[in-house]
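Please look over the sequence and the model below before reading on. The paragraphs after them are meant to be read with the structure open beside the text.

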Amino acid sequence: MAKWWKKLFRRGRLEQDLAAELEFHREMAGANGGTIPLGDAGRIQEEVYDAWRFNAIENLCRDLTYAVRGLWKSKGLALSALLSLGLGIGVNTAIFSLAVEFLLSQPSIREAERVVYIRVAGGSHAEPRVVEEFDRSGVFDGVAGETDEPAINWNDGRETIPIVATQTTKNFFQVLGVPVALGRGWTASDPDDVVVLQHRFWMKHFHGDTGVLGKTMVLDGRVYTVLGVLPDGHRTLIGYGYSPDVYVPHFVKDAHLAMYARLKPGMGLGEGGAALATLSKRLSEQNADEKRYTNPGQMTPVGGFARLQQESKALTIAAFFGVLLLLVGLVLLIACVNVAGMLLARASARRQEIAIRLSLGATRGRLFQQLLAESVALAVAGTAVGFAMAMTLVKVLSAIPLPIPIPVRLHVEPDWRVVAYAAALAVVATLASGLAPAWQTVKDSLAADLHKERRLRLRRGLVVAQVAVSFVVLVTGALFLRSLMQSASLSPGFDIRNTARAAAHLPPGTYQEKGQMWAYSQRAVRELAALPGVEAAAAARIIPFNDATNNGTTATFPDTGEKRHIRYDWNAVTPDYFKTMSIPLVAGRAFIDSDGTGSKVVVANRVFARLFLAGRQAVGTRFSMDGGVYEIIGVVEGTKVMTMGEEAQPQLYEPLAGAADGRTKMNFVVKSATPPAGQLRAMRETLRRI
């Protein structure tokens, strides 16, 4: 270490000592009449310098300097190579950045590695009392809940517009440690009528005014006080770029909450899972009608690689990004082969220079390093260009609002993983574009013309490789477009050409009871059906491709005594829903106005009947779940909900008159003889008037 220290930081002192030593020996040689010759002082000095230097590093620096000078003289080649490598590396880095943001980002909470998402009773959400009981148990360092489905109406003084709200328990900020950039989060002592704003919402509607704290907002007809503003780049617990507009410390009646627990220090997922099973069993024993909680539950990390391993949805997204990275990796390979061809052509033009260097004693290894330095310089510069292109592309994509009904904002930031990936791409680009040309050049002897045919074969091989990889990329892209077109032409199970949809967000303060919501829905359906050109109208809690509610529970069939765990997509609709959406009725009947006021009846789709009824006659079958007894009165064809899969998911429909799920959002659809787009304005005006 002392020797390295002297080499790095005492070079000047060593050179002074060497000069003094040489001068001393000259004086000694002169004092003795030249009988002790000093020898070649220049050669001695060079040998000493070689002993002092880090030869490999200094040679590399000199080679890179020489390579940059040489490329500067060939500006056309350098520019073409930079654009090729920059494009290939930029696209790869951009896709990788998006993959990291979607799959490996951590939510903006304190010690995210200690926070887990809890599923109980086979469902994704739990009743508020369950969240409270888990929190009071003391097994965890706190349990909080949130629901991200409700919208809330905001009157800005000019008009009322629906915005997306996250409704939480009162201990949300304390348990999870959510950072606040301006003001503070709420505590248990705060009233319900306080609100915390998302940073983007604050910038857009309040223009970044720091005096917003203490101001009021009218939400759902109630006056709320602004308590704080979240920081820019805040990531939610849901992830995937989901970004609600506001947070409020309460939830609507009958709401179900996503449950999050903070593990105690030193508690791992195994211990946490055992504690969760114990709590679920205790809940089932304390409540005789809650047998579904005998399910031990499931615990999933809220971010990072651990979440990716345990969440099936994340694995699906990971597979998508894996295929995408493979495709853009082929694009980078094409760019590298293109650069390799240009470098090989340049090396052929320099064969006289290479021959002279070999004849003067330069080793092939030294020439190989110098030639490879050109590839290193191009790869490093191409990586810098590509990284800048990637970050610019990602910023542009992040600023474009997606045509989906939920607010999504990506917060892509270059972290060490993205930088390491870009560095790895630089290494790959160096080897793929420079290794073959450099090796072929130094293999040639002084009689370079004897190996002309060999060089031509390599150049032809590079061209063939480039064409082959390009063909693979083009075929893959064509197949992707074909699959996309076929997916777009698949029937989702309902009429998409003659139907229009609009949503109303009902203030929970005004519509506290399900009877009030049902009355509003009936009046709205009558008004919409009376619009010119409308053939039928209906209301529903869920509209395919806009919302989804997937439930899991245990169903018991009294006729056989069989118990089965079922998962299904739930919906609540008015009687004319199937007619309006053109969903064929296979057996039985649809709902009528009196359904929902007495016994519980449901309509199942064909997939539900096939999977869970074991070949029995579906119509008339009774089963019990979640403390209620249901009778299937009809079977309809299935519809796609959120994905364009090969087959619809199991579905159950309830009459909207008897549904109580805590939602304040009501969807309305009309079947129109005129173009549906022309009905949207009339639908919105009608719903606003009602």
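What follows goes from the whole chain to its cores, then to helices, surface, charged pairs and backbone angles.

This is a predicted model, in which local features need pLDDT of at least 70 and side-chain atom pairs count only at pLDDT 80 or more, while totals for chains, interfaces and linings use all residues. Residues are numbered from 1 along each chain as its sequence is written, and side-chain values use heavy atoms, with hydrogens and water left out.

The protein has 19 helices and 21 strands, where helices (H or I, at least four residues) and strands (E, at least two) are DSSP runs numbered from the N terminus. Of its 690 residues, 45% count as buried; buried means under 20% relative accessible area, exposed means over 50%, and partly exposed lies in between, with a 1.4 Å probe and protein chains only. The accessible surface comes to about 34100 Å², and 60% of that surface belongs to carbon and sulfur atoms; such areas come from the Shrake-Rupley method with a 1.4 Å probe, and for residues only the protein chains shown count as cover. Among contacts (heavy atoms within 4.5 Å) between residues at least 6 apart in sequence, 78% join residues at least 24 apart.

Turning to the interior, the largest nonpolar core holds 40 residues, and the members that touch the most others are Leu 528, Phe 608, Phe 623, Met 625, Leu 652 and Phe 668. A nonpolar core here is a set of buried Ala, Val, Leu, Ile, Met, Phe, Trp, Tyr and Cys residues joined through side-chain atoms within 4.5 Å. Helix H16 (residues 514-529) gives the most to this largest core, contributing six residues. Apart from this core lies another, of 20 residues, which includes Ile 109, Phe 172, Phe 173 and Leu 227. Phe 623 shows how one core member is surrounded: leaving aside neighbours within four places in sequence, its contacts include Ala 555, Phe 557, Pro 558, Val 602, Tyr 630, Ile 632 and Leu 652.

How are the buried residues of a single helix placed? In helix H8 (residues 199-206), the buried residues are His 199, Phe 201, Trp 202 and Phe 206. Seen down the axis of H8, these buried residues fall within an arc of 160°, so they line one face of the helix; the arc is that of the directions from the helix axis to the C-beta atoms.

At the surface, Leu 393, Val 396, Leu 397 and Ile 400 make a nonpolar patch of about 330 Å². Patches are made of residues with over 30% relative accessible area and no salt bridge, like charges being joined within 9 Å and nonpolar side chains (Val, Leu, Ile, Met, Phe, Trp, Tyr) within 5 Å. Leu 393 lies in helix H13 (residues 364-399) and is partly exposed, with a relative accessible area of 39%. Ala 432, found in helix H14 (residues 416-443), is partly exposed at 34%. Ala 432 and Leu 333 are 99 residues apart in sequence, yet their C-alpha atoms are 7.6 Å apart in space. Not counting residues up to four places away in sequence, Ala 432 touches Cys 336 and Ala 340.

A search of the whole structure finds 14 salt bridges, each a side-chain nitrogen of Lys or Arg within 4 Å of a carboxyl oxygen of Asp or Glu. One of them joins Glu 111 and Arg 114, at 2.8 Å from N to O; Glu 111 is partly exposed at 36% relative accessible area, whereas Arg 114 counts as buried at 16%. These two residues are linked with Asp 141 and Arg 262 in a network of salt bridges. Another bridge pairs Arg 136 with Glu 132, the closest N and O atoms being 3.9 Å apart. Both residues lie in helix H6 (residues 128-136), four residues apart, about one turn of the helix. An α-helix has 3.6 residues a turn, so residues three or four places apart point the same way. Arg 136 counts as exposed, at 61% relative accessibility, while Glu 132 is partly exposed at 43%. The side chains of Arg 622 and Glu 631 also meet in a salt bridge, at 3.3 Å from N to O.

Finally, two residues deserve a look for their backbone angles. His 207, just after H8, takes a positive phi of about 55°; His 207 is found in the loop between H8 and strand E7 (216-219) and counts as exposed at 66% relative accessibility. Ser 582, a residue other than glycine, has a positive phi near 60°. Ser 582 lies in the loop between helix H17 (577-581) and strand E16 (585-588) and counts as partly exposed, at 30% relative accessibility.
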